[in-house]
Amino acid sequence: EKRRREMSLSALFNEMPPEMRTRYAQLDTACRAIRENYKRLSSTSQMFVEQMESKLDGLAQSYLRLLNAAFHHREYLNTTNPESIRHEARELEKGLEQQPPKVQEINRKRIEILNKRVEKYEKVRENCQVIDAQCAAVEDVLQLIRDQSVTMRDPQQLSDHLDSLVRDVEQTEETVREVEAIFESTPLITGEFDAPSSTRNRIRN
């Protein structure tokens with residue numbers, strides 16, 4: 001299971017552009033420095049070392065998933081033109097009432113789908129901003145923890161910082177999953193149109 005998870009994370013890392021890989025490498029360096037500083041704690045505080053190991057590993061994995069999500073979000077945004085989609089919807093609406101009933105029915109469904117695509121674009125754009133902000137927060141907090149761990153006096157306080165960050169990241173990851181569900185649930189135009197009953201019966205038979 002651990003091996004499979006590592007391979008999955010490696011695949012996420014490898015498909016990202018160089019600048020995102022560099023960001024992850026810098027975060028990994030900060031995590032390593034924190035681990036090294038925690039190892040200097042007295043034996044009575046070593047329980048914090050094990051806790052930190054688990055939290056840092058989890059955060060690094062979540063950060064990588066968020067970076068990868070940001071990469072795919074941007075790819076989608078860069079290849080989608082919402083204004084073009086809006087224009088197409090407006091053009092379909094022109095003269096809709098003068099069209100034959102069946103054509104009108106099909107075009108109304110097309111307009112509905114185009115409007116859903118615009119809504120999806122706006123949601124993805126907003127979510128991309130949330131992911132960017134959360135990734136920056138992870139970087140800032142871990143750099144702060146690294147700085148504080150150099151002259152560590154209260155390991156519990158640093159552990160609390162991490163707990164708070166983990167909760168924030170978990171909430172952001174949940175938002176990412178919700179947006180990915182939007183990707184999956186957006187219907188294809190061909191699947192939206194009902195074929196005539198005789199056609200459906202022929203397909204089934």
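**Exercise 1. Work out whether tyrosine 63 is buried or exposed, then find its ring partner.**

Start with accessibility: tyrosine 63 has 1% relative accessibility, so tyrosine 63 counts as buried. The cut-offs here are under 20% relative accessible area for buried, over 50% for exposed and partly exposed in between, with a 1.4 Å probe and protein chains only. One thing to keep in mind is that this is a predicted model, where local features need pLDDT of at least 70, side-chain atom pairs count only at pLDDT 80 or more, and totals for chains, interfaces and linings use all residues. Residues are numbered from 1 along each chain as its sequence is written, and side-chain values use heavy atoms, with hydrogens and water left out.

Next, the rings. Rings of Phe, Tyr and Trp (its six-membered ring) pair if their centres lie within 6.5 Å; planes under 30 degrees apart are stacked, over 60 edge-to-face, and the rest tilted. That rule gives 3 aromatic pairs. For tyrosine 24 and tyrosine 63, the centres are 6.4 Å apart and the planes sit at 25°, so this pair is stacked. Tyrosine 24 belongs to helix 2 (residues 18–38) and tyrosine 63 to helix 3 (residues 46–78), so the pair ties together parts 39 residues apart in sequence. Helices are DSSP runs (H or I, at least four residues), as are strands (E, at least two), numbered from the N terminus.

Last step: tyrosine 24, at 18% relative accessibility, counts as buried too. Add Phe13, and Phe13, Tyr24 and Tyr63 make one aromatic cluster.

**Exercise 2. Find which residues leucine 67 touches.**

First, place it: leucine 67 is in helix 3, and at 1% relative accessibility leucine 67 counts as buried. Now list its contacts (heavy atoms within 4.5 Å). Skipping residues up to four places away in sequence, leucine 67 touches Met16, Met20, Arg23, Tyr24 and Cys135. Take Tyr24 from that list: the C-alpha atoms of leucine 67 and tyrosine 24 are separated by 8.2 Å, with their positions 43 residues apart along the chain.

**Exercise 3. Check the span of helix 4, then say which of its residues are buried.**

The expected span of a helix is 1.5 Å times one less than its number of residues. For the 12 residues of helix 4 (residues 82–93) that should be 16 Å, and the end C-alpha atoms are 17 Å apart, which agrees. Pro82, Ile85, Ala89 and Leu92 are the buried ones in helix 4. They cover an arc of only 85° around the axis (taken from the directions from the helix axis to the C-beta atoms), which puts them on the same side of helix 4. What do they pack against? The buried residues of helix 4 pack against helix 5 (101–150).

Now the ends. Asparagine 81 caps the N-terminal end of helix 4, with a side-chain oxygen 3.1 Å from the backbone nitrogen of glutamate 83. Just after helix 4, glycine 95 has a positive phi of about 70°.

**Exercise 4. Describe the surroundings of asparagine 107.**

Asparagine 107 lies in helix 5 and, at 8% relative accessibility, counts as buried. Leaving out residues up to four places away in sequence, asparagine 107 touches Leu92, Leu96 and Gln99. With glutamine 99, the side chain of asparagine 107 makes a side-chain polar contact at 3.0 Å.

Technical notes
Polar contact = N/O pair within 3.5 Å; in protein donor to acceptor, adjacent residues only side chain to side chain.
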